[in-house]
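Reader: I'm new to this one. Please walk me through it, starting with any term I'll need.

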Amino acid sequence: MTSNQEFVVELSSVTNADVGRVGGKNASLGEMIQQLEEAGVRVPGGFATTSEAYWWFLDEAGIRARLDEILSQLSDKPLEKVGSAIRKLIGEADLPQDLDQAIRKAYRQMAEQSSDAEPPVAVRSSATAEDLPEASFAGQQETFLNIRGEESLIKACKRCYASLFTNRAITYRENHEIDHTQVALSVGVQHMVRSDTGGAGVMFSIDTETGFPDAVLISANWGLGETVVQGSVDPDEYRVFKPLLENEHLIPVIEKRVGGKEQKLIYSDDPDKPTELCDTSEKERILPVLSDTEICQLARWAKAIETHYDRPMDMEWARDGETGEIFIVQARPETVESRKEAQELKTFSIGKKGELLVSGLSIGSAIAVGKACVLESASDIDRFEEGAVLVTTMTDPDWVPIMKKAVGLVTDHGGRTSHAAIVSRELGLPAIVGTDRGSEILKNGQEITVSCAEGDKGFVYEGAAEYESRDVSLKDIPDTRTKVMLNLANPDAALRWWRLPSDGVGLARMEFVINNIIKIHPMALIQPDKVNEADRDKIAALTAGWDDKKQYFVDHLASGVARIAASQYPEPVIVRMSDFKTNEYADLIGGEAFEPKEANPMLGWRGASRYYSEEYRDGFALECQAIRKAREVMGLDNVIIMIPFCRTPEEAEQVIRELGKNGLVRGDKGLEVYVMAEIPANVILADEFSEHFDGFSIGSNDLTQLVLGIDRDSQRLAPMFDDRHRALRRAISELIATAHKHDRKVGLCGQAPSDHPEFARFLVDAGIDSMSVGPDSFVNVKQEVAKAERRD
């Protein structure tokens, strides 16, 4: 070969058609530079060596035949020896002079463009069989950051060539039956984004845990992005709802989780070790890496890249700390959730369980039981027993052989885009990452349960928990005139059910978010001087990073509501305003200072009566702010609000007035307001309640309690508590008839239609508009409703 053009090409000159010449990674970079500039997507420029250059190197150095000979020994010799021999062979060979000069010349041209004699560059490996839709090579070859000077660049290029034969890369090709001798390597050299003083991370155009196609998931840390990719830190995580990104006035960031971010990777002055880890500051740990504007910008780019490639994508991004500009530095197809069959859902539910030991982010939705095996290094593979739960600090590709033998994984560090998370998804392995001290707390040989079935948060319990698994078929689900909706309370689990063809959410309980995520009584944030010192300390820890402590409540509640609403958008999602009883409110942090002790909280100061009272009015205002943020700032206007335990039409009028004072005006911006029908007065005076509300939702437990005069918590009277009693049926029939006269909708949220098919048939016969059930019961209830409608 004599032409430099055969060895080196500008990234801007290649497209996806050039995978065979510059590998999947570099071809994708060139494709984005050429095709997505108009969409605003920024990609650092640079050059790539070609596959011809790789083969030329092997031939001119006289090592191709020897390399093939060593590879032929894979069946006889240990992988470690084969890989080490090949890497040594490549490392000791010199690049041909013409290839060496071509790389240097291209680097000098980059120097001229940057006005820097030795510009820092990122040197990335790009194999010709990687980043294909059916095979992810993520993390199999090496990347070298902050490389300066021609000599350092030549060394990095040779190290990239050698990394084609890391033990993990060899294993991956063996497992995927890819011929080693047919895979070449291209080296991509890009201008270095100064994310060492900014931030970087990973982004998916699909929800990685559920396959929900309408979300963008972004992970972020300060400094260079390797800490996020490797999973050595607990990064920030942001979720964005894609369908609303087209409206630039909206900020559809439906989740912001600020991670610990204890370390960051920055530039080093040592030419032999160009990057180094350092501790982050206290301020960096409590503040998000990205602003809402930056999050939305990245999400729009993810959507544009996904649209261009016509498939879900896995991307890496970096923000320059000196210019503030954001760049996409890699893009490859997402290869796990996007390829799953959508005809069946496997659901897990946990029953009796032992003591909670550690928790972190759940990867997958399964449950596993096994003995813990705590390992410090992948070289300890001989200590690992097949069927155990692997417990370690973090993983890299060297851990894959062990992960394949495990039933579960627990790591101290990492987020949803870490190596541990990505490979666990590929293997179908339930994993809990980012536990902080899992490898310290869990002991070798200890029997544990790994539960990823309780939402976005995963839990490790002592001993073998009781659990069930169930296959839910999505085939042949009938259409029905009566709407069948879902009862959802946990925002962390809401996206898991997006594949169910439901008609929305009939009941989303606000108090779940307040109790499990916020944990603080709203009035304690408004009047902290009334709270005892111990609770003030707890509040300070939870609200670190919020200058306005009240905004902590609003932001978390809005996010919880938004995630549930996004999972069903644009179908209606009915969110019940808080319905804690006084004893339950008192259990919140700081709650005792604001709650009276009542003899019968079930019939006491709860629901609507709190909203306009002087003692709670300001707390209700925070609830209203959260609803407004979800509907008007994020854009999830499918949220309908519902008022619980509203005793009289006069009280209804007061609540509607209070809502209006807080900017929630019935009918304005499409806002609908429903009422829970759970008090006999709601049925008897349904015509008057219809003047104030757009619909009724029957709360069968409280209505049964008050119609039959039975305390629903009474064990002695439990046999008489029957939510299908003819008195209840008559009340329901009367409510539906009266509501329909006033053109008001009626739904029922309760367990009865799930447990008793004949009750679902009764509701259909009575003309109910909707019924709302648990996700696990949805298919069965839908089928019963269809049968009843066919009979009619």
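Author: Start with crossings: one is left-handed if the near helix is turned anticlockwise from the far one by less than a right angle, and right-handed if clockwise. Helices (H or I, at least four residues) and strands (E, at least two) are DSSP runs, numbered from the N terminus.

Reader: What should I know about the model?

Author: It is a predicted model, where local features need pLDDT of at least 70, side-chain atom pairs count only at pLDDT 80 or more, and totals for chains, interfaces and linings use all residues. Residues are numbered from 1 along each chain as its sequence is written, and side-chain values use heavy atoms, with hydrogens and water left out.

Reader: Back to crossings. In which hand does α5 pass α6?

Author: The crossing is right-handed. α5 covers residues 97-114 and α6 covers residues 150-162.

Reader: At what angle do α5 and α6 pack, and how far apart are their axes?

Author: The angle is about 125 degrees, and the axes are 10 Å apart. Axes are lines fitted to C-alpha atoms, for helices over the stretch in contact, and angles run from 0 to 180 degrees between N-to-C directions. Under 35 degrees counts as roughly parallel, over 145 as roughly antiparallel, 65 to 115 as roughly perpendicular and the rest as oblique. α5 and α6 are therefore oblique to each other.

Reader: Which residues make the contact?

Author: From α5, they include Leu99, Ile103 and Tyr107. From α6, Leu153, Ile154 and Cys157 are among them. Contact means heavy atoms within 4.5 Å.

Reader: New topic, strands. How many residues of β3 are buried?

Author: Seven of the seven residues in β3 (121-127) are buried. Buried means under 20% relative accessible area, exposed over 50%, and partly exposed in between (1.4 Å probe, protein chains only). Val121, Val123, Ser125 and Ala127 point one way from β3, while Ala122, Arg124 and Ser126 point the other way. In a regular strand the side chains alternate between the two faces of the sheet.

Reader: Which strand do seven bridges join to β3?

Author: That is β5 (185-191), and the two run antiparallel. Two strands pair if DSSP finds at least two bridges between them. β3 also pairs with β4 (143-147) in the antiparallel sense, over three bridges. Look at Val121: the bridge partner in β5 is His191, and in β4 the bridge partner is Ile147.

Reader: There's an open sheet too. What order do its six strands have?

Author: The order is β9-β8-β7-β6-β12-β13, with antiparallel pairing. β9 (253-257) and β13 (326-333) stand at the edges, each with a single partner strand, so one side of each has no neighbour in the sheet. From one strand to the next, the twist averages 15 degrees.

Reader: How many bridges join β6 to β7?

Author: Six, between residues 199-204 and 215-222. Gly201 stands opposite Ala220 in β7.

Reader: Which helix lies across β8 and β9?

Author: Helix α18 (549-568), running at about 130 degrees to β9.

Reader: And where does Gly324 lie?

Author: Gly324 is in the loop between β12 (313-319) and β13. Gly324 is partly exposed, with a relative accessible area of 41%.

Reader: What about the barrel: which order do its eight strands take?

Author: They close in the order β23-β24-β25-β26-β27-β28-β29-β30, with parallel pairing. Neighbouring strands there are turned by 30 degrees against each other on average, direction ignored. One pair is β27 (673-677) and β28 (695-699), with four bridges. In β28, Ser697 is the bridge partner of Met676. Helix α29 (778-791) lies across β23 and β30, running at about 160 degrees to β23.

Reader: Last topic. How many disulfides does the structure hold?

Author: Zero. A disulfide is a pair of cysteine sulfur atoms within 2.5 Å. Cys646 is in no disulfide, and the nearest cysteine sulfur, that of Cys624, is 14 Å away.

Reader: Is Cys646 buried or exposed?

Author: Cys646 is buried, at 0% relative accessibility. Cys278 is partly exposed, with a relative accessible area of 22%.
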